[in-house]
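The following questions and answers concern a structure with chains that touch one another. Please consult the sequence and the coordinates alongside the text.

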Amino acid sequence: MKIHLIKNFIPIKDLFEAKWLYTTKRMLNQLIGLYTREIKNTYRNPAIIIVSIFQPLLWIVFFGSSFSSAPKLFLESFFHTNNYIAFLLSGQLSASMLFVGMFSSLSLIQDKKSGYLRRIMVTPTRNYIIFLAKVLGASSRGMLQVPIVLVGVILLGVTMPTPLGLIAFIVALFLLSLGLSSIYLLITMKSSDWQIPTVVSNFINLPLMFSSTALFPKDNFPPWMQMISNLNPVSYSATFGREIIISGNTIHINWIYLFYLLIFASGMILIGMFTAARTLKME
Amino acid sequence: MNNVCNINGHQHAIICNKLTKVYGSQIAVDHIDLKIRYGSIFGLLGPNGAGKTSVIKMLTGLSSPTKGEAIVADYNVVKETLKVKENIGWISSEVILDDSLTSMENIWIQSKLHSLGKNWKQKAQILMKYFELDERDDKKVGQFSTGMRKKLEITMALLHEPKILFMDEPTIGLDANTRRLLWNLIKKINKEYGVTILLTTHYIEEADVLCDSLAIINHGKIIARGSSQELKSIVGGDILEIEFFSDFDFSILKNIDGIKTIREEYLSYKDDGSRPEKPLKLFIKVKNAETVLPVLISEINKFDPNIIKTIRIDKPNLETIFLELTGMHFKEVEDTSDKEFYTHKRSF
């Protein structure tokens, strides 16, 4: 059974028969086709774009401003910066990747309900290609908000980081988004119930957001929450981005967080691809 | 048409060998054997819930058989699923397109899924012209009429030049005109592109008009197969369906010359075993309805002159075949598929 599974997953036989070039080309074509569909669907719906940009921006403006008149000494000692918005920015963008993940599973359910998934599945497209296209599509959608939110934030007194810093920050967010979308797609692999992603997101998004370093530093968390925070991928991206935003460059930042995120994203994608190969189906 | 072979010399596009699908405790498809020749239009006819869609799902590699095997386009559906999928096209009962994209965008995605080369557009243009679709139409397909959407779906299904086309209830929900149009299209693509077509339907007329050969499926089993003509000969005569105002001893009718069999309508009996209060209805198979009917009516009138409520003459068609084989009309099977039925035949 195990051998059979691996054979199905990686076309080993094809490698030996030198069909690999054709197979790879086909998989790439399929991925491009499905990914383009995801992207086109996003741009065809301006509401999605506007909401996904404004939601984090509103958070940053309203929640971020709640500390605007706090004594500088308190801000310095608690947040290690005198501008809370600079502190919040990276955390908020990281937390909003949780919601991006939720949209990815909703879009899979939409494809199941409309039957479009079946249209894909009667073509020679492997299930994990479908999964990959969804993950990449959702994460790209999540990246839409980054540049515009940054512009908005600069108006609130945050300095623009160096290009390398900016790229590193966006890569971190993209990796986080890949991992979180994979988790959400895993949840909806077998079912086509609209309620599941919303219920799950209510259940895990808030704990993941508050137990991360997205809104507050973890120094004052109780030990059990510090433990969760240390394992929470939202923390990695929030802390990594924050170091870049506050210092404005990449000289003193800790690259290990990016490494953790890389492991998180690739791990989740691999688990997702294997699960999709076996269990993705129409009801 | 029957001698068409594909290039490999194989005669059969689809071969099912004791194909079975079980969902939980329910047997959806029960040991089906099928052989469908290349180049033919094959119809799988049956009421809703008979197992037609389950058969299509297995043959298109969407679900694996519980037992048995199937060969589609010379490949095994379980072991060589991708090869099967390369060689088939599929048209859904409800049109499935990405409504927020234009027709060309929809076709482009389909061409990518089949990894077609740069000539995809040329192929698409030829097909679109053939189906009288406007390639420059940049409306979203959500705004298309049902007929146009159906045509677009067929274009997409034919784009990669499949050997076999699966059509699951292709004309369900279409108006009479569009249905006729689609029938012509199906015949045309079968002839001009040489595509083998397997279609499922629960419209008897459709199967009669379109299919070279047929199988009738009920409760997951094939209960009859053959060409429309061959199936009609199963009935071996016309059927008179007579409804009465009241019950009477109809055994006297069996002596009339030309009457083959007399059968009472199947009824679901009440829990206490008594007959439900429904007027008597007889299905009388006769050699020729026109000659027997006058004699039959005069015989009944002798017994009670005002007893006949309605008379219906059924010349053999697929509906009467189904009736003959199962004792029920299509509609009755669909309406009562959950309820337990048992037969009641009075002996004379």
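A salt bridge is a side-chain nitrogen of Lys or Arg within 4 Å of a carboxyl oxygen of Asp or Glu. This is a predicted model, in which local features need pLDDT of at least 70 and side-chain atom pairs count only at pLDDT 80 or more, while totals for chains, interfaces and linings use all residues. Residues are numbered from 1 along each chain as its sequence is written, chains are lettered from A and ligands numbered from 1 in the order in which they are written, and side-chain values use heavy atoms, with hydrogens and water left out.

Q: Which residue of chain A meets Glu105(B) in a salt bridge?
A: Across the interface of chain B and chain A, the rule finds four salt bridges. In one of them, at 3.2 Å from N to O, the side chain of Glu105(B) meets that of Lys40(A).

Q: How many residues of chain A are in contact with chain B?
A: Contact means heavy atoms within 4.5 Å. On this criterion, 28 residues of chain B touch chain A, and the number in chain A is 25.

Q: What area do chain B and chain A bury between them?
A: Buried area is the accessible area (1.4 Å probe) that two parts lose on being put together, summed over both. Carbon and sulfur atoms carry 56% of it, and the total is about 2700 Å².

Q: Which residues of chain B lose the most area to chain A?
A: Three residues together give 24% of what the side of chain B buries. They are Leu82(B), Trp90(B) and Leu113(B).

Q: Which strands are the edges of the open sheet with the order 12-13-11-14 in chain B?
A: Strands are DSSP runs (E, at least two residues) and helices are runs of H or I of at least four, numbered from the N terminus; two strands pair if DSSP finds at least two bridges between them. The sheet has four strands with antiparallel pairing. Those that pair on one side only are strand 12 (259-264) and strand 14 (308-314) of chain B.

Q: Which helix of chain B packs on the sheet?
A: The helix touches strand 11, strand 12, strand 13 (281-286) and strand 14 of chain B. Its direction makes about 25° with that of strand 11 of chain B, where axes are lines fitted to C-alpha atoms, for helices over the stretch in contact, and angles run from 0 to 180 degrees between N-to-C directions. The element is helix 9 (residues 289-303) of chain B.
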